[in-house]
Amino acid sequence: LARVLLEPAHYTRWGEIPEGRERYFGLPIFSPWDGRMVVAYVRSAIRKAQLMLDVPQLRPEQEEAMDLLDSLAADPKIRLMMEFKPGDVQLLCNHWILHSRTGYVDWPEPQRRRHLLRLWLACNDGPSLPPVFTSSYQGATGGGRPDGIRVSGVPFSAPLEPV
């Protein structure tokens with residue numbers, strides 16, 4: 001099943017469609033590259049892409065491989081649960097660490113509500129990534145790094161204070 005995860009899976013862009021890009025893109029879940037294993041996996045985006053008529057349908061062995069990956073990621077023996085407290089910072093590389101967020105109930109008072117700032121860094125001296133990460137997935141910065149998600153008409157926003 002590991003070999004199956006080296007094949008492209010198709011992900012929806014959900015409404016975050018950069019100018020000149022399709023509504024979906026293909027990207028392997030695992031990509032061996034430069035002595036490392038690069039990972040890109042968002043099962044919900046793959047499932048939603050399957051609802052699009054022009055997206056290649058997953059084969060049963062692809063579903064089986066992703067089911068196994070999901071079960072491994074949920075295994076309490078190998079996963080790490082973290083609870084963020086005010087002021088906590090977490091730095092990780094999306095392409096080496098499988099991660100997700102659990103649901104939460106926010107406070108009704110605005111001054112007590114959660115304020116999560118998510119920042120994607122594209123350092124010029126960052127680790128190399130397979131070309132598919134900039135050709136199919138996100139596009140590239142001037143330095144050739146993944147460019148994140150840029151949507152026409154949507155300004156970048158990183159408010160330090162909750163709104």
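Student: Which residues is Met-66 in contact with, leaving aside its neighbours within four places in sequence?

Tutor: Contact here means heavy atoms within 4.5 Å. In this predicted model, Met-66 is in contact with Leu-5, Ile-29, Tyr-41, Arg-43, Ile-46 and Leu-58 once those sequence neighbours are left aside.

Student: Which residues have the most contacts inside the largest nonpolar core?

Tutor: A nonpolar core joins buried residues of certain types, such as Leu, Ile, Met and Tyr, through side-chain atoms within 4.5 Å. The largest one here has 20 residues, and those with the most contacts inside it are Leu-5, Tyr-11, Ile-29, Tyr-41, Ile-46 and Met-66. At least two residues each come from β1 (8-12), β2 (24-28), β4 (36-39), α1 (43-49) and α2 (60-74). The largest share, three residues, is that of α2.

Student: How many ångströms should α2 span?

Tutor: Its 15 residues, at 1.5 Å a residue, should span 21 Å; the end C-alpha atoms lie 21 Å apart, so the two values agree.

Student: Which residues of α2 are buried, and where on the helix do they fall?

Tutor: The buried ones are Gln-62, Ala-65, Met-66 and Leu-69. Viewed down the axis of α2, they fall within an arc of 95°, and therefore line one face of the helix. Their packing partners are β1, β3 (30-33) and α1.

Student: Why does Gln-62 count as buried?

Tutor: The cut-off for buried is under 20% relative accessible area. Gln-62 has 9% relative accessibility, so this residue counts as buried. Not counting residues up to four places away in sequence, Gln-62 touches Val-4, Glu-7, Pro-8 and Gln-57.

How values were computed. Residues are numbered from 1 along each chain as its sequence is written. This is a predicted model: local features need pLDDT of at least 70, side-chain atom pairs count only at pLDDT 80 or more; totals for chains, interfaces and linings use all residues. Side-chain values use heavy atoms; hydrogens and water are left out. Buried means under 20% relative accessible area, exposed over 50%, partly exposed in between (1.4 Å probe, protein chains only). Helices (H or I, at least four residues) and strands (E, at least two) are DSSP runs, numbered from the N terminus. The expected span of a helix is 1.5 Å times one less than its number of residues. The arc is that of the directions from the helix axis to the C-beta atoms.
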